[in-house]
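Please find below a colleague's note for the file, set out as numbered points. The note covers helix packing, salt bridges and backbone geometry.

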Amino acid sequence: MVPLTVTRNPAPMLEVQLQLLGDFCLTYNGKPITQLDTPRLRALVAYLALHRHTPLARRHLAFLFWPDSTEAQALTNLRKQLLYLRNALPDADSILQIARQTVQWCPAGEFGLDVAAFDAILARTPTVVGEEAINLLRHAIVLYRGDLLPECYDEWIFPVRETLRIQYSDALIRLVQLLEEQRDYGAAIAYAQQLLRHDPLHEPSYRSLMRLYALNGDRATALRIYHTCVTQLREELGVDPDDETQQSYERLLNGVASGAMPPTLVANAPFVGREEAWQQLQKSWRSARADQPQLVLIAGEAGIGKTRLAEELLDWARHQGFGIARARCYAAEGQLTYAPIIDWLRTEMV
């Protein structure tokens, strides 16, 4: 007789997903848990999840969430909330570890937390460049659906929320810069607008949008952005734009008034094998804008695109309303010493 062996399939591991950025949402295996219907319960879940790597003392939680109550009353309040939480979760013991003195959020199965994913992506971005960096930043920005648990006004959440807001702003700023370096001005404009919606008083974002619209050949909108900036700053802060913003506007305005509308950038043709050189030129330009004088030498064999790079930079600057001067010289022409400098100084700014 052959013995009969019965094999039991292990219980499936729960997949728990928690969204704290923007609207609160907790799901088990794709199904939302709707019983967490009070801000206090959701705030408790958020705190436990954000501090999931260590058991949290009950006394600490009681004081944190009910600071104005007596210790006994605060502990009673916490005990009630934990009971509500256990009843709301379909399989609470697989997620919550509730001991006599401590509580810990510790899902036994797969656990996804949007805040953790956001942080992890941003931690990777400094180590990558180009398209990989752009894709990572786009992913992080999609994850940030809104401020951390906006319905919560507990003291503990404010510094965490503000840190995430700053990280989101920094991610948008870097993404706009990378897209501008790739001359994808349409996409850069969209993210710059998103940054302004996030922080309507962030003056550098107005300058960025003005520059991007000008580079995209839309001077009229670039000028309107300045007037929007003026209105926002005066109404909300009672101040005028700073000197740098006003200078950007004046350059654009003078360019339009003088009729010096620059031609379209060289058809936005791609730089094959010259992306790194273009990024270096952009970096030098930003340093010059920050009052750090720069001298750039483009060297190499004939026919590798040195002139194309220089012409592109001149057009790029001219689109933003900057005056440019240029001179040429060739060794075979036998010009007088300093003749190119004389030509450069005599050039009418355009």
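1. The model discussed here is predicted. In helix H4 (residues 114–124), the buried residues are Asp-114, Val-115, Phe-118, Ile-121 and Leu-122. Viewed down the axis of H4, these residues fall within an arc of 130°, so they line one face of the helix. The spacing along the sequence may be read against a general rule: an α-helix has 3.6 residues a turn, so residues three or four places apart point the same way.

2. As to the partners of this face, the buried residues of H4 pack against two strands and three helices: strand S1 (15–19), strand S7 (110–113), helix H1 (39–50), H5 and H6. Two of these partners, H5 and H6, also meet each other, and their contact is taken up next.

3. The axes of helix H5 (residues 130–143) and helix H6 (residues 157–181) come within 10 Å and cross at roughly 145°. The crossing of H5 and H6 is left-handed. On the H5 side, the contact involves Ala-133, Ile-134, Leu-137, Arg-138 and Ile-141; on the H6 side, it involves Tyr-168, Ala-171, Leu-172, Arg-174, Leu-175, Leu-178 and Leu-179. By class, the residues of this contact comprise 10 nonpolar and two charged, with no polar residue.

4. The loop between H5 and H6 holds Leu-149. This residue has a positive phi of about 35° although it is not a glycine. As a general matter, most residues other than glycine have a negative phi. Is Leu-149 buried or exposed? With a relative accessible area of 1%, under the 20% cut-off, Leu-149 counts as buried.

5. A second non-glycine residue with positive phi is Asn-29, at about 50°. Asn-29 lies in the loop between strand S2 (25–28) and strand S3 (31–32). Its relative accessibility is 46%, and Asn-29 therefore counts as partly exposed, the class between 20% and 50%.

6. How many salt bridges does the model contain? The count comes to 11. One of them joins the side chains of Asp-93 and Arg-86, with an N to O distance of 2.9 Å. In this pair, Asp-93 is exposed at 56% relative accessibility, whereas Arg-86 is partly exposed at 35%.

7. Arg-207 merits separate attention, as it takes part in a network of salt bridges with Asp-242 and Glu-244. In the bridge between Asp-242 and Arg-207, the closest N and O atoms are 3.3 Å apart. This pair links distant parts of the chain, 35 residues apart: Arg-207 belongs to helix H8 (residues 203–215), and Asp-242 to the loop between helix H9 (219–237) and helix H10 (243–257).

8. In the bridge between Arg-207 and Glu-244, the closest N and O atoms are 3.6 Å apart. Here too the pair links distant parts of the chain, with Arg-207 in helix H8 and Glu-244 in helix H10, 37 residues apart.

9. Which members of the network are buried, and which are partly exposed? Arg-207 has a relative accessible area of 13% and is therefore buried. Asp-242, at 32% relative accessibility, counts as partly exposed, and Glu-244, at 33%, is likewise partly exposed. The network thus joins a buried arginine to two partly exposed acidic residues.

How values were computed:
Residues numbered from 1 in each chain as written. Predicted model: local features only at pLDDT ≥ 70, side-chain atom pairs only at ≥ 80, totals over all residues. Heavy atoms only, no water. Axes fitted to C-alpha atoms, helices over the stretch in contact; angles between N-to-C directions. Helix = DSSP H or I, 4+ residues; strand = E, 2+ residues; numbered from the N terminus. Left-handed = near helix turned anticlockwise from the far one by under 90°. Contact = heavy atoms within 4.5 Å. Nonpolar A, V, L, I, M, F, W, Y, C, P; charged D, E, K, R; others polar. Salt bridge = Lys/Arg side-chain N within 4 Å of Asp/Glu carboxyl O. Buried < 20%, exposed > 50% of the residue type's maximum accessible area, 1.4 Å probe, protein only. Arc of directions from axis to C-beta.
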